Amino acid sequence: METTTDTHCPYCSLQCGMRLATAAGVGTTVVERPEFPVNRGALCGKGQSAAALLDRTSRLTTPLVRERGTLRAASWDEALDRVARGFSGIRSEHGADAVGVFGGGGLTNEKAYQLGKFARVALGTANIDYNGRFCMSSAAAANRIAFGLDRGLPFPLEDIPRTDCLILVGANPADTMPPALRHFRELRENGGTLIVVDPRRTRTAELADIHLQPRPGSDLALALGLLHLLIADGLVDHEFVDTRTSGFAPARAAAMAHWPERVERLTGISVSRLRLVADRFGRAATGMVLTARGPEQQSKGTDTVGAWINVCLASGKAGRPYSGYGCLTGQGNGQGGREHGQKADQLPGYRSIEDPSAREHVARIWGVDPETLPRTGRSAYELLDSLGDPGPDGVRGLLLMGSNPVVSAPNAAHVTNRLRSLDLLVVSDLVLSETAQLADVVLPSAQWAEETGTMTNLEGRVILRQQAVDAPEGVRGDLWLMRELAERLGVKRGFDDDPETVFEELRRASAGGQADYAGISYGRIRAEDGVFWPCPAEDHPGTPRLFLDTFATPDGRARFAPVTHRPAAEEPDAAYPVYLTTGRVLSQYQSGAQTRRVGALNASAPGPFVELHPLLARQLAVEEGDALAVTSRRGRAVAPARITDTIRPDTVFMPFHWPGAGRANTLTNPALDPTSKMPEFKLCAVRVEAAGAMATATATAKPAEELPA
């Protein structure tokens, strides 16, 4: 007897629809689900192989506790009692804020919501944030400044093929979300223009009509230069600017200081190419700008995204059909994960934790006094940087759920040492990740097809992952874990382990907020293939397209950002003369904790590499496959050379999915955007040299954090 379950992919923000077929003696297989509109049945290699994640041989199936330096198996009662005693002791000795919580952008909405509640009610700590801060936070901040509301895409993906001109900035969906690529192909088939901005000639860039290949970190100057040309060439939509925006005059003044020749010097893009792009976008009847991590993961990411939004506003390409700015959200629940309370400054419904009315509303739902709710805590990197600090503001204990910062955090060697210095590190995960290996207590978590819960994809479409199989014996869900810990910490009520019950509470908590889920139910999601927020009532149709009548600002007008170019926090110099940029490859995902355990994916992308231009390779006297040492001010990584003319000669690229000697995030710069607190993952200054046999052996034998800078 075969059973099939409608669900969604466990990976990226597309949340592609799929079915899981389970049969006795055969196991579980992935089956196409062609009626789901986002992917129409198409799946990438990660989605096609997703059932391999259910292989129990690589799973954690029992709690682990550290004894005399070694992790050993323990019962759930022993493990949870140890966690509760440890956190209670830290709170008693150092205060509630000495315990921190670090969540993940892959957690379901129910888990993210309950994690925020657990931190503030059961632990009483302000110090909760999540790894999504490293993903979309700059775009989120710029969205809220310009439009008053943050949703990755203000329109469904199906609108992309119907626009006339699209600028894709720092995104490579051919590798990061392949099923989305058909929308861009259809755009060109319909006669539209695709313009890609990327320092590398990626598979996405090869699809483009125009590819701009700027210096890393110059995206802000590029957007300012395009706005300058729109103004100078009479391509501003003054009626739109006058009736639907505010703040154009200071933005105009800033742009006029970025004349084409100056922008050419800053970006490396010729004046003629700048004029071509400005003319093509400015004269198009409809247009979109989509950004991803390239312009966002910078210490000026919020300003950079704001500058690209200015280009849309000045040309009248926002708040209209088939036009607008959007962010290609990365993680599976990167959108929902930032809406319901696992960010340091946020309460459910995308409410500010400092807003008295928001505090009163959420406290009423939670059955607590608003005065007991903590205030704003530390952002993600600031939280990680404070771990183990013996001072009065240091975090001594950490609950980490669904994240692997040993691999994924910037300045990863430093973060690893901070994790090691904690009095108590507790990790909930489905595998023994590199971070879990450092923990004092490891709690085995159910995953994806073993539990039910909602996710919110990059369109703002709330979808339902449904349980298809049972978790391995000994494994528990995170909702259950939080309930059990809350009880041991003295909070006997308010934490349920049934996901639909938790979602019903989330609906009430989000009601009236910007991310209003009040009208969304499990039943509606099943019947409608997802529901777009905001959806304030059960008879509301949901909101696939935002801003068509008004923007979400107090006066209903979109706001220009008066931004100007500034250099990156760290530019190349004589000691570190080359740019490093980082990113993903097709067959791996994020820190690789899941994908590195899937044979087919690992065979396709088995390890790290350093991508460099032939001119730089000749200068270094290295051949394809030679070991290269890449050194920044924070550390050193070693990986094989991959020589290609698709990258700029002044830049090298490393994927960030692997730990050990080739860990790219050993090198990356934690300099923070002042608004979004986004670290500058996307560029830093490095020195590149042939590693040699001895250096390679040394780098392989020692953890990267022990290597000299």
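**Figure 1. The lining of the largest pocket mixes residue classes, with eight nonpolar, six polar and eight charged residues.** Welcome to the first close-up of this predicted model. The largest pocket holds about 400 Å³ of space. Its lining is made up of 22 residues. If you would like a place to start looking, Asp 175, Val 585, Leu 586, Phe 609 and Arg 642 are the ones that lie nearest the pocket centre.

**Figure 2. The second largest cavity has a volume of about 100 Å³.** Sixteen residues line this cavity, and those closest to its centre are Pro 154, Phe 155, Arg 320, Ser 323 and Leu 546. Sorted by class, the lining of the second largest cavity comprises ten nonpolar, three polar and three charged residues. For context, searching the whole structure turns up seven cavities of 30 Å³ or more. A general reminder may help here: empty space left among the atoms shows up when a probe the size of a water molecule is rolled over them.

**Figure 3. Seven strands make an open sheet with mixed pairing.** To trace the sheet on screen, follow the strand order 5-4-18-17-16-6-7. At the edges are strand 5 (70–73) and strand 7 (128–130), each of which pairs on one side only. From one strand to the next, the twist averages 20°. Within this sheet, strand 6 (residues 99–103) and strand 16 (residues 397–401) run parallel and are joined by four bridges. A handy landmark is Phe 102, which stands opposite Leu 400 in strand 16.

**Figure 4. Helix 2 and helix 19 pack against the seven-stranded sheet.** Helix 2 (residues 76–94) lies across strand 4 (64–67), strand 5, strand 6, strand 16, strand 17 (424–429) and strand 18 (441–444). Its direction is at about 130° to strand 18. Helix 19 (residues 478–488) also packs on the sheet, where it touches strand 16, strand 17 and strand 18. The direction of helix 19 makes about 155° with that of strand 16.

**Figure 5. A second view of strands shows an open sheet of five with parallel pairing.** Here the order to follow is 10-9-8-12-13. Strand 10 (210–212) and strand 13 (324–327) each have a single partner strand, so one side of each is left without a neighbour in the sheet. The twist in this sheet averages 15° from one strand to the next. Five bridges link strand 8 (residues 165–169) with strand 12 (residues 287–291), and the two pair in the parallel sense. Leu 166 is a good residue to pick out, as it stands opposite Met 288 in strand 12.

**Figure 6. Two loops carry backbone details worth a look: a cis peptide bond and a positive phi.** The cis bond joins Trp 533 and Pro 534, with omega about 0°. Pro 534 sits in the loop between strand 21 (531–532) and strand 22 (558–559). Trp 448 is not a glycine, yet its phi is positive, at about 30°. You will find Trp 448 in the loop between strand 18 and strand 19 (453–456).

**Figure 7. Residues 693–709 keep a pLDDT under 50.** Across the protein the average pLDDT is 95, and 98% of the residues score at least 70. How many contacts beyond four places in sequence does the model have for residues 693–709? There are 29 such contacts for this stretch.

Definitions and conventions. Residues numbered from 1 in each chain as written. Predicted model: local features only at pLDDT ≥ 70, side-chain atom pairs only at ≥ 80, totals over all residues. Heavy atoms only, no water. 1 Å grid on protein atoms, 1.4 Å probe; cavity = no way out; pocket = protein on both sides within 12 Å on 5 of 7 lines; lining within 4 Å. Points joined across faces, edges and corners; volume = space filled by probe spheres on them. Nonpolar A, V, L, I, M, F, W, Y, C, P; charged D, E, K, R; others polar. pLDDT = per-residue confidence, 0-100. Contact = heavy atoms within 4.5 Å. Pairing = 2+ DSSP bridges. Axes fitted to C-alpha atoms, helices over the stretch in contact; angles between N-to-C directions.
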